[in-house]
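Welcome, and please open your viewer. This tour suggests what to select at each stop and tells you what is there.

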Amino acid sequence: MVAAAFMPVAAFPCTSAIVSADANPSGRPILWKHRDTSTIDNKVEYVAPAKGNFGYVALFNAADKELKEAWMGMNDAGFAVMNTASYNIKDDKVPAKKMDREGILMTKALQTCRTVEDFAHLLDTYPRPMGVEANFGVIDATGAGAFFETNNHSYVRYNLSDATDGVLVRTNYSHSGRPNEGYGFVREANANCILQPYIDEKSVTPEVLTEVVSRTFYHDLKKKDYTSAGERWVIDQDFIPRYKSTATIAIEGCHPVESVDSVTPGMIGKEYIMWTGLGYPPVAEIRAVRCAADGVDKDLQGSLPDGHSPLGDEARRKRDEVFPLKAGNGDKYIDITKLYNEEGTGYAQQAISRNRQTYRNETLNRDGK
């Protein structure tokens, strides 16, 4: 397979979704990414507007001191972007050393784009080869959204408005790519199955995405949910949460506006929330991030040595208890009882309880109700 030859299979798998305003009871679109990567440590930082660029807030690797590569974020014009790696649309021999530049492209998008159409124009005019093989998901303040399945020279666009149920899901293959190549087929089926009851009720919220989808060990091929199956040791294979899962983030936009000309940084700072859980998602605590100089919780920032974030390091410590076996293939075995147990003291259970209150408080603060 061409794509697999250029990139390590386990390096950048993710699960993602774009949710229309109509599918969310708050009437706001959502951009969600459950990040999987070998780069375990993450941070969230705000970048102030400069040299004609928009201000933005984004997820970065901890070691990215100069904040050159954004892996998901939103700007003060109401544009938001994320990606999942794809492994079935690369159609050239561009060497590996010139690939993996999705973070650079998304940084440029956050600096310059207001709308989904602006992003399409960015891709149309970006220098070739682009150095990417990815499904880019974007939303804007008008409520528009789209996935752009993109390789070094071209892309195929899937508009959110064409999704009959108002939700688009992507993992690590492109629907426009070569059939039966790529990764994440089971994870995509998992996400669709978990989300379907909420889709039917038009109740897909950020809380559903971070607290249910990112913390559920459902396996669609086996038609079994190991979250509450009563088994202690579960093999870590094809679940949405994985050993190398490092964040779950849902960017919730504003009520769609008629024109982005009416959008101001102050309005975006109040209306947009980047619901952020750093570290292994089943144990992660959610913080509400806003696109403003004071909009990033200090526990999410890279304030520790090597750019680590306090919440990221705490989640990593808990993850190591969830995967306690160190010999051989120990990191392939999940001790589910550390996450969910009859006493209700599992790390996931405790986090969900705390996060429920965070969602409630921050939503009330935003909506003034």
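## Stop one: a salt bridge across the chain

Start by selecting R290, which counts as buried because its relative accessibility is 14%, below the 20% cut-off for that word. Please keep in mind throughout that you are looking at a predicted model. Now add E362 to the selection: the side chains of E362 and R290 meet in a salt bridge, 3.1 Å from N to O. E362 sits in helix α8 (residues 347-367), while R290 sits in the loop between β16 (286-289) and α7, so the pair ties together parts that are 72 residues apart in sequence. At 23% relative accessibility, E362 counts as partly exposed.

## Stop two: other salt bridges

In the whole model, the count of salt bridges comes to 26. For another one, select R170 and E149, whose closest N and O atoms are 2.8 Å apart. R170 belongs to strand β10 (residues 167-170) and E149 to strand β8, so look for distant parts of the chain being linked, with the two positions 21 residues apart in the numbering. Are R170 and E149 buried or exposed? Both residues are buried.

Next, select R215 and E211. Their side chains meet in a salt bridge, at 3.1 Å from N to O. R215 counts as buried because its relative accessibility is 0%. E211 also counts as buried, at 6% relative accessibility.

To finish this stop, select R28, E252, K270, E271, R366 and D367 together. These residues are linked in a network of salt bridges.

## Stop three: the largest cavity

Now turn from side-chain pairs to empty space. Rolling a probe the size of a water molecule over the atoms shows where such space is left. How many cavities of 30 Å³ or more are there? The count comes to three.

The largest cavity holds about 100 Å³ of space. To find it, select I40, D41, G279, G312 and R316, which are the closest to its centre of the 15 residues that line it. Then colour β14 (245-252) and α7, the elements that give two or more residues to this lining. Which of the elements gives the most to the lining of the largest cavity? That is α7, with five residues. Sorted by class, the lining of the largest cavity has four nonpolar, seven polar and four charged residues.

## Stop four: the second largest pocket

Move on to the second largest pocket, which has a volume of about 220 Å³. Select S20, D22, G143, L160 and S161 to reach it: of the 18 residues in its lining, these are the closest to its centre. Highlight β8 (145-150) and β9 (155-159) as well, since these elements give two or more residues to the lining of the second largest pocket. Colouring this lining by class would show seven nonpolar, seven polar and four charged residues.

## Stop five: a nonpolar patch on the surface

For the last stop, switch to a surface view and select W233, I235, L325 and Y333. Together, these residues make a nonpolar surface patch of about 360 Å². Where is L325 placed? L325 is in the loop between α7 (310-322) and β17 (333-335). L325 counts as partly exposed because its relative accessible area is 38%, which lies between the 20% and 50% cut-offs.

Key:
Residues are numbered from 1 along each chain as its sequence is written. This is a predicted model: local features need pLDDT of at least 70, side-chain atom pairs count only at pLDDT 80 or more; totals for chains, interfaces and linings use all residues. Side-chain values use heavy atoms; hydrogens and water are left out. On a 1 Å grid over the protein atoms alone, a cavity is a set of points where a 1.4 Å probe fits but cannot get out, and a pocket is an open set with protein on both sides within 12 Å along at least five of seven lines; lining residues have an atom within 4 Å of a point. Grid points are joined across faces, edges and corners, and a volume is the space filled by probe spheres set on the points. Helices (H or I, at least four residues) and strands (E, at least two) are DSSP runs, numbered from the N terminus. Ala, Val, Leu, Ile, Met, Phe, Trp, Tyr, Cys and Pro count as nonpolar, Asp, Glu, Lys and Arg as charged, and the others, Gly among them, as polar. Patches are made of residues with over 30% relative accessible area and no salt bridge: like charges are joined within 9 Å, nonpolar side chains (Val, Leu, Ile, Met, Phe, Trp, Tyr) within 5 Å. Accessible areas come from the Shrake-Rupley method with a 1.4 Å probe; for residues, only the protein chains shown count as cover. A salt bridge is a side-chain nitrogen of Lys or Arg within 4 Å of a carboxyl oxygen of Asp or Glu. Buried means under 20% relative accessible area, exposed over 50%, partly exposed in between (1.4 Å probe, protein chains only).
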